[in-house]
Structure formats: structure tokens, C-alpha cells
Amino acid sequence: MATLFAPSAVLSTATTAAAAATTTTTTSPAPPRPLIRPHFPHLKSLSTTLAATAAAASLLLSTPSPSLADSPTVHLYYGTAASAANYGGYGGNESKKDSAEYIYEVPDGWKERPISKVEKGTNGTDSEFYNPKKRAERVYLTFLPGFRALAPVDAVLSNLALSDVDLQDLIAGAASVRSAERRDDKGQLYYAYEIEGAGAHSLVSVTCARNKLYAHFVSAPNPEWNRDQDTLRRLHESFRTVVDPASPS
């Protein structure tokens, strides 16, 4: 005898299947993920490098070049070459201008060394300035009375060394000694010497005027010479005597 299926059972089964199908097809999709920002570590590193490079370039452009920064300003010194008997120490530079017998340039900031009457009477030192950062870097002048004209160029330097122990030692150990002659715009003759010593370098300029012999010295240890030689040569070349108003033209 055949089994009869109740309509309610069939209907229930169909309804369940349809419900399952409906549930499957109407399931809500998952909510969208938030956007993730891209991360590029190499770009951050590049940005940092570019910023550092720009800062370094700015620093270099704002820093003056050593040659300009190290170039000092100078002023003229007026020397009177007074005798030991008439010498009263050192004073204001302006008071000497009217009675000056010679002039030379001095870097601003260099110190003037007082010259004693004994020293002036012994070796004729009339003026001296030195670099306070390195006292051996200096410029000074000596004079001797009773000279109407220069001796031969080779003899003058040797005679000067007789009263200057430092000059004697420098010449004795010199790698080279060079000499030259020059004349100023008035026709006055100057001897110029360059002495390259083992530990120091000197420039000497010698001339005669007013019945006196003037010797101008620029000296520095070799490290200072190598650093400052442009300025030191300028000091050397700046020396000249002042024309005596009472002398015939």
C-alpha cells in the first residue's frame, strides 16, 4: 500500500528550503575596511637627507672664506727716530705725525712694545709691534746715525747682524738669503732682503735718509709665516722714509 505524504509536510519542507535559499542570497556583505595610508620609508629618508643638505649649504654660504676673514685691517705708524738722549718713551701716534721720519703699516690689534733708552742707545731700536697671539710674529725698526749712503748690498745685512743677535742666528742657519734693490717715486734707493731660516722667516728693508740708516724688519716663525705671509709682505712693502721738508728738492 503506497505511503501518502501529507501536504503540510511537503509544504513545510519547501518553505524551509526556500527560507534557506533566501537567507543565503540575502546575507549582508562585510563592512568595507578603512583605507590604509601607504608607507614609504625611503621617501622619509630622502626628505631628511635633502633637508640636511640644504642646511649644510646654507651654513657654507653664510661662513666667510678664511682668506677674507683672516685679512686684517691696518693703520699707519709714524716713527720719529729720536736719539736716546731725546727719547721720552712711547706715546700717542698722532703726536708723532708732524715730526715723523718714517712710516709703515701695522695690523690693527697688534701691540706696541715700549722701547727703553738703553735699548735705543745700544742697538738703535726705535719702534716695535707684535701679534699678541704669537709674540714672535713682529715688525720693528732700527736706525743708526752717521750714514749718508748705503754700502754694497752684500755688506749691509752683515753689518746689521753685528748688533742683532736674532738676525745673526737667522742668517747663520738660513736655507737661503735673497736680496734686491728698488727705488721709490722720489728715486730713493732701498735694499730688500728675504731670509728663509730653519724656524723663522724674515723680510728686511734698508735705506739711508737724513744722514741715518733705517732698517725695517718683519719676522715670524714658519707656521705663522705660512699662514700670514701676504699680510707680512704688505707690512714689509709699506715701509718708507718721510721726506725732510728742510732738505733741498
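1. How many residues does the hairpin that joins E4 to E5 pass through? The hairpin uses 2 residues. Keep that turn in mind while you find your way around, and remember that you're looking at a predicted model.

2. First, the overall inventory. The protein has 7 helices and 10 strands. Of its 249 residues, 33% are buried. If you take the contacts with a separation of 6 or more, 55% of them are between residues 24 or more positions apart.

3. Now the sheet. It's an open one with 7 strands, in the order E3-E4-E5-E9-E8-E7-E6, and the pairing is antiparallel. At the edges sit E3 (111-112) and E6 (176-183), each of which pairs on one side only. As a reminder on sheets in general, strands pair through backbone hydrogen bonds, in either a parallel or an antiparallel way.

4. Strand E4 is a good place to zoom in. On one side, E3 and E4 run antiparallel and are joined by 2 bridges. E4 (residues 125-131) also pairs with E5 (residues 134-145), again in the antiparallel sense, over 6 bridges. Phenylalanine 129 of E4 shows both pairings: glutamate 112 stands opposite it, and its bridge partner in E5 is valine 139. Is E4 enclosed or open to the outside? 7 of its 7 residues are buried, so E4 is largely enclosed by the rest of the structure.

5. Next, helix H5, which packs on this sheet. H5 touches E6, E7 (189-196), E8 (200-209) and E9 (212-221), and its direction makes about 65° with that of E7. Its buried residues are Val153, Val156, Leu157, Leu160 and Ala161. Looking down the axis of H5, you'll find these buried residues within an arc of 135°, so they line one face of the helix. That spacing is easier to follow if you recall that an α-helix has 3.6 residues a turn, so residues three or four places apart point the same way. The cover over the buried residues of H5 includes H6, E6, E7, E8 and E9.

6. H6 deserves its own look. The axes of H5 (residues 153-161) and H6 (residues 165-172) come within 7 Å and cross at roughly 130°. That angle makes H5 oblique to H6. On the H5 side, the residues that meet H6 are Leu157, Leu160 and Ala161; on the H6 side they are Leu167, Gln168 and Ile171. Sorted by class, this contact has 5 nonpolar residues, 1 polar and no charged ones. Leu157, Leu160 and Ala161 also appear among the buried residues of H5.

7. Then there's helix H7 (residues 222-238), which lies across E4, E5, E6, E7, E8 and E9 and runs at about 150° to E9. So which strands does H5 touch, for comparison? They are E6, E7, E8 and E9.

8. One residue in H7 to click on is glutamate 224. Is glutamate 224 buried or exposed? Glutamate 224 counts as buried because its relative accessible area is 12%, and the cut-off for buried is under 20%. Setting aside neighbours within four places in sequence, glutamate 224 is in contact with Lys134, Glu137, Gln229 and Leu232. Lys134 and Glu137 fall in the range of E5, residues 134-145. Histidine 201 is another residue to compare: glutamate 224 and histidine 201 are 23 residues apart in sequence, and their C-alpha atoms are 9.2 Å apart in space.

Terms used:
Residues numbered from 1 in each chain as written. Predicted model: local features only at pLDDT ≥ 70, side-chain atom pairs only at ≥ 80, totals over all residues. Heavy atoms only, no water. Axes fitted to C-alpha atoms, helices over the stretch in contact; angles between N-to-C directions. Helix = DSSP H or I, 4+ residues; strand = E, 2+ residues; numbered from the N terminus. Parallel < 35°, antiparallel > 145°, perpendicular 65-115°, else oblique. Contact = heavy atoms within 4.5 Å. Nonpolar A, V, L, I, M, F, W, Y, C, P; charged D, E, K, R; others polar. Pairing = 2+ DSSP bridges. Buried < 20%, exposed > 50% of the residue type's maximum accessible area, 1.4 Å probe, protein only. Arc of directions from axis to C-beta.
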